[in-house]
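Please look over the sequence and the structure shown here, and then follow the explanation below, which goes through a few of its features in turn.

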Amino acid sequence: MLKVATAVQSNIPAALTDGQAAGHHTARMADVSRPRPERADTPQLAAFRLLKIDQPELAAAVDMQVELVVLQHRVQARVSTPWLDFDAAWLAKRLVDGMPILKFEEVPFDFGELRTIFRQVTEVLRRYDVVEPSDYEDLQALIRGGRPDTADAAAWFKSAALRPRPAQAAPPQAEAFSQVLSVSARPFLGRAVESLQNRIDLTPWSRAYCPYCGGDPELAVMTPSGDRRLACGRCGGIWSFDEHACPYCDNRHPSYRTTMATSDRRYLLVACDVCKRYVKTYDARGATRPFMLDVDTIATLPLDAAALQRGYQT
Ligand SMILES: [Zn+2]
Ligand SMILES: [Zn+2]
């Protein structure tokens, strides 16, 4: 869940091994001694539960993420899926030019719902000490003033969707406000992207940012067929990206990369020694479940901790 989740990782040990994957996997998720998920569990909640058993040090981060995901799902269930139609020639040019597809007006925002979830997300983050008391006071004052409003949502959306990104002396919104807005807007963006995922051929898209909303990649997934896909932290959209390139600076030199992996080799982190940024990857090859952005973001917090210790940044 963006940087929000990394704020609860201060007590998480950087448990991992260095080097390249050895080519075998420890099927920790498939351990038969684990409790079976209850019937009401979604596959995602079941995966969260297993994660907590496997890595008890992540319990607080998992609990917080589950609360956020439940809020998001509740809103997303109430938002209707828009039917978006595109002129084929317009769309093809857009993709070749590296311009994200979705326009702000096409995201099915309900601003009453947005303000409600914004208020709830603020409370959850405060309860887990992810929001500083002073930021919390500022957020409360904004909430009392009827924010976030249409202009806030538009400014937040366009801060990533406009390409090239407009040069700015300062970001348009305070960091805490923008982070809470990102979590709160996800159900609306998610709905819009849902209606596009299977209808649009993204073959011409080779950029490192999201073809739907312009967001930055949050995680990568290595598909069972061995392709690397990136997943957007804002809308959950997924797209292909060259496995050998750094998404941030396009460095392709293998000797300028540092690789770390969790002990079960399910998660990899590739850090770029040119720009000092990194990408975390869920390796779905031979895995017992598919990639789940919200679960895998939390499962990889120990990798974040290890990378930060070594001077890399997200
Ligand atoms: Zn996106
Ligand atoms: Zn780089």
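**A helix pair, a helix end and a distant neighbour**

In this model, which is predicted, helix α3 passes helix α8 in a right-handed crossing. Helix α3 covers residues 59-78 and helix α8 covers residues 175-197, and the two pack at an angle of about 40 degrees, with their axes 9 Å apart. Because an angle that is neither under 35 degrees, nor over 145, nor from 65 to 115 counts as oblique, α3 and α8 are oblique to each other.

The contact itself can be followed residue by residue: on the side of α3, Leu68, Gln72, Val75 and Gln76 take part, and they meet Val183, Arg186, Pro187, Gly190 and Arg191 of α8. Sorted by class, this contact of α3 with α8 has four nonpolar, three polar and two charged residues. As a general point, an α-helix has 3.6 residues a turn, so residues three or four places apart point the same way.

Helix α6, made up of the 12 residues 133-144, offers a check on length: at 1.5 Å a residue it should span 16 Å, and its end C-alpha atoms are 17 Å apart, which agrees. After α6 comes Gly146, whose phi is positive, near 85 degrees.

Finally, consider Asp54, which lies in helix α2, residues 43-54. Is Asp54 buried or exposed, or something in between? Asp54 is partly exposed, because 14 other C-beta atoms lie within 10 Å. Asp54 can also be paired with Ala299, since the two are 245 residues apart in sequence, while in space their C-alpha atoms are 9.7 Å apart.

Notes. Residues are numbered from 1 along each chain as its sequence is written. Chains are lettered from A and ligands numbered from 1 in the order in which they are written. This is a predicted model: local features need pLDDT of at least 70, side-chain atom pairs count only at pLDDT 80 or more; totals for chains, interfaces and linings use all residues. Helices (H or I, at least four residues) and strands (E, at least two) are DSSP runs, numbered from the N terminus. A residue is buried if 20 or more other C-beta atoms lie within 10 Å of its own, exposed if 12 or fewer, and partly exposed in between; C-beta atoms are placed from the backbone. The expected span of a helix is 1.5 Å times one less than its number of residues. Axes are lines fitted to C-alpha atoms, for helices over the stretch in contact, and angles run from 0 to 180 degrees between N-to-C directions. A crossing is left-handed if the near helix is turned anticlockwise from the far one by less than a right angle, and right-handed if clockwise. Two residues are in contact if their C-beta atoms, placed from the backbone, lie within 7 Å. Ala, Val, Leu, Ile, Met, Phe, Trp, Tyr, Cys and Pro count as nonpolar, Asp, Glu, Lys and Arg as charged, and the others, Gly among them, as polar.
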